[in-house]
Amino acid sequence: MCGIVGYVGPRESQPILMSGLARLEYRGYDSAGIAVIDGEGSLGMRKRAGKLARLSESLDEAPLGAGTTGIGHTRWATHGGPTDGNAHPHLADDDKLALIHNGIIENFSELKAELLEQGFAFRSDTDTEVAAVLLGREYRAHEGDLEAAFRAVARRLDGAFTLLAMHEDHPGLVVGARRNSPLVIGLGEGENFLGSDVAAFVEHTRHALAIGQDEIVSIRPDSVRVTDFDGNVVEPQSFEVSWDAAAADKGGWSSFMAKEVSEEPEAVANTVMGRIHDGAIVIPELEGLDELFTGIDRITILACGTAYYSSLVGKYAIEQWARIPVDVELAHEFRYRDPIITERTLVVSVSQSGETMDTLMAVKEAARLGAKTLSICNTQGATIPRESDAVVYTHAGPEVAVASTKAFVAQITALYLLALHVGRLRGTLAPSIADEAIEQLETMPGKIQWILDNEQERIEQLAHWMADTRSVLFLGRHVGYPIALEGALKLKEISYIHAEGFAAGELKHGPIALIEPGQPVFVLVPSPRGAATMHAKVISNIEEIRARGARIIAIAEEGDAAVLPHADEVLRIPLASPLFEPLLAVVPLHIFAMGLATAKGLDVDQPRNLAKSVTVE
Ligand code: F6R
């Protein structure tokens with residue numbers, strides 16, 4: 001949440017900050033602002049409530065003075081509503097100092113009281129302004145040493161924060177600090193960048209440095225210095241960004257979501273790529289780490305939202321192939337219930353961003369309790385993989401739309417690779433089953449592409465007809481159940497329609513009372529070949545609700561003629577073994593949610609109240 005960018009170098013900073021913010025806008029779009037130290041050495045600032053376009057218009061009408069040092073921010077409001085005044089940057093030290101922030105400063109009330117008592121004034125309702133005013137005070141106390149002032153401030157703050165600041169007295173210097181909130185450095189030629197993630201600067205450089213927990217960074221055009229909060233110099237870890245700026249552009253697509261759904265085949269293919277050798281799964285990142293999997297008696301998977309649903313799918317595969325019990329937990333519930341975790345537990349976190357605060361905190365708690373930790377993550381240099389013993393990256397490429405789509409299929413793919421890897425290590429996986437699973441995995445990209453080529457138009461048409469629908473239900477069994485949950489989440493998230501997913505067998509235990517004539521229900525129908533009993537049961541579940549007037553939209557495999565008399569619409573997916581059906585069945589649901597939101601004229605990339613990368617608890 002909140003996007004942060006900083007620049008120092010020879011170029012004019014305003015266009016660099018604005019294009020960085022455009023790439024970070026998915027992190028928050030309540031308000032935006034920039035500050036620049038101009039050629040005369042004075043600090044100019046502009047901020048506006050609303051999307052970045054409003055700030056852009058304002059800068060077009062009345063430009064700030066040109067300057068080569070700047071910071072920019074796009075906000076997802078926490079403390080204080082989305083107003084011009086609450087937008088960042090916040091100024092202090094007679095408006096000579098500008099500061100931006102991502103996260104929540106938990107002890108802000110106490111600090112504010114202290115500062116008010118000392119006669120400092122405030123102009124906003126935010127926790128951030130407290131950090132700005134405190135930094136102004138410490139700057140004076142440390143005789144104009146911005147780094148020393150930053151260290152003093154960082155030590156006083158509780159909670160999660162990334163802070164960037166600059167001061168008129170120091171053109172060519174931006175200082176940043178981070179605790180539990182993301183910040184990465186981009187290394188240029190005679191210029192340097194800071195960003196919440198690499199998207200902030202990837203169009204200028206792909207050389208990056210990850211900043212560790214509780215560290216402070218100072219960037220100047222020709223140097224980067226990282227220290228801990230006590231001022232000891234630390235060596236940041238470098239990495240190359242594996243994608244280029246074009247990968248995070250919309251290309252010719254109407255939305256990022258449309259582009260990302262179209263990339264689902266690639267997301268699966270790239271996640272598998274390089275991990276199958278001579279017909280066996282080899283995950284290079286896990287080489288030499290067998291003890292992570294052999295000395296354990298349980299796996300706990302921690303995740304939130306869509307990643308939680310992919311994890312639920314992963315549970316079926318891990319239990320089936322590796323014969324080890326798997327619990328899947330919402331990360332924000334895990335921490336607060338005194339979980340039973342031992343050194344024989346492997347805790348796997350699943351996160352697209354690698355920054356979700358709930359997941360990060362749960363992973364830290366698990367590590368504290370002695371668990372081994374493994375992260376499945378889509379973002380290089382992110383915090384969760386850095387806090388884990390091992391990482392398996394999904395290679396979905398940058399995901400910009402707030403609603404997660406291609407990352408979801410990539411997460412299932414990575415979990416399946418992991419399940420096969422653990423099954424082999426533990427000796428629970430028959431070679432013939434492994435061979436079949438690998439073959440299935442390799443055919444998935446082509447099959448997803450088949451859905452996009454053959455069914456997308458029809459699904460969008462259906463979504464268009466259903467634009468006035470007020471409620472949609474989703475039913476699935478076995479691995480179809482998490483897919484029903486994912487279908488419902490995606491629909492409510494971007495089209496603001498009431499939607500719920502249920503295990504098909506659960507309906508008669510209560511939710512069937514919701515069914516009234518005309519109620520649309522998507523039903524994930526298992527393969528009649530691979531799962532004949534479940535197929536029959538799901539058909540019975542369909543009949544139970546059809547008898548009460550439900551309108552059935554079935555997602556069923558090609559050639560399943562038995563479903564036809566029981567459904568009003570049948571959306572087809574290619575044939576696959578039961579465990580692999582989720583990778584296919586979810587695609588029509590992603591297309592449907594996107595189609596319906598589009599038909600309602602909504603912004604599918606930036607749905608209301610949400611932001612990607614939830615870095616607050
Ligand atoms: C839904 C969605 C969210 C995220 C959740 C976890 O479309 O995007 O539910 O899945 O906030 O995010 P990550 O995977 O970044 O930890």
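What follows is a short exchange on the ligand site and two sheets of this predicted model.

Me: What makes Ser351 a polar contact of the ligand?
Reply: An N or O atom in the side chain of Ser351 is 2.6 Å from an oxygen atom of the ligand. The cut-off for a pair of N or O atoms is 3.5 Å. The pair is within it, so the contact counts as polar.

Me: Which backbone atoms make polar contacts with the ligand?
Reply: Thr306 has a polar backbone atom 3.1 Å from an oxygen atom of the ligand. For Ser404, a backbone N or O atom lies 2.9 Å from a ligand oxygen. Both values are within 3.5 Å, so both pairs qualify.

Me: How much of the ligand does the protein bury?
Reply: Taken alone, the ligand exposes 410 Å². The protein buries 88% of that area.

Me: Which elements give two or more residues to the shell around the ligand?
Reply: These are α9 (305–322) and α16 (480–495).

Me: What makes a residue part of that shell, and how many are there?
Reply: A heavy atom of the residue must lie within 4 Å of the ligand. 15 residues surround the ligand. The closest are Ser351, Gln352, Ser353, Thr356 and Lys490.

Me: How is the shell divided by class and by domain?
Reply: By class, there are six nonpolar, seven polar and two charged residues. Lys counts as charged and Ser as polar. Domain 2 (250–454) and domain 3 (455–608) each supply at least three residues.

Me: Why are β3 and β14 called edge strands?
Reply: The open sheet has eight strands, in the order β3-β2-β4-β1-β10-β9-β11-β14, with antiparallel pairing. β3 (43–49) and β14 (237–240) each pair on one side only, so they are its edges. Neighbouring strands in this sheet are turned by 15° against each other on average, direction ignored.

Me: How do you know that β11 and β14 pair?
Reply: Pairing needs at least two bridges. Four bridges join β11 (residues 207–210) to β14, so the two strands pair. They run antiparallel. His207 has Glu240 in β14 as its bridge partner.

Me: What is the strand order of the parallel sheet, and which strands are its edges?
Reply: Five strands form this open sheet, ordered β18-β17-β19-β20-β21. The edges are β18 (326–330) and β21 (390–393), each pairing on one side only. The twist averages 20° from one strand to the next.

Me: What makes β20 and β21 a pair?
Reply: β20 (residues 372–377) and β21 share four bridges in the parallel sense. At least two are required, so the pair qualifies. Ile376 stands opposite Val392 in β21.

Methods
Residues numbered from 1 in each chain as written. Predicted model: local features only at pLDDT ≥ 70, side-chain atom pairs only at ≥ 80, totals over all residues. Heavy atoms only, no water. Polar contact = N/O pair within 3.5 Å; in protein donor to acceptor, adjacent residues only side chain to side chain. Areas by Shrake-Rupley, 256 points an atom, 1.4 Å probe, with all protein chains shown as cover. Domains from an automatic or database assignment. Axes fitted to C-alpha atoms, helices over the stretch in contact; angles between N-to-C directions.
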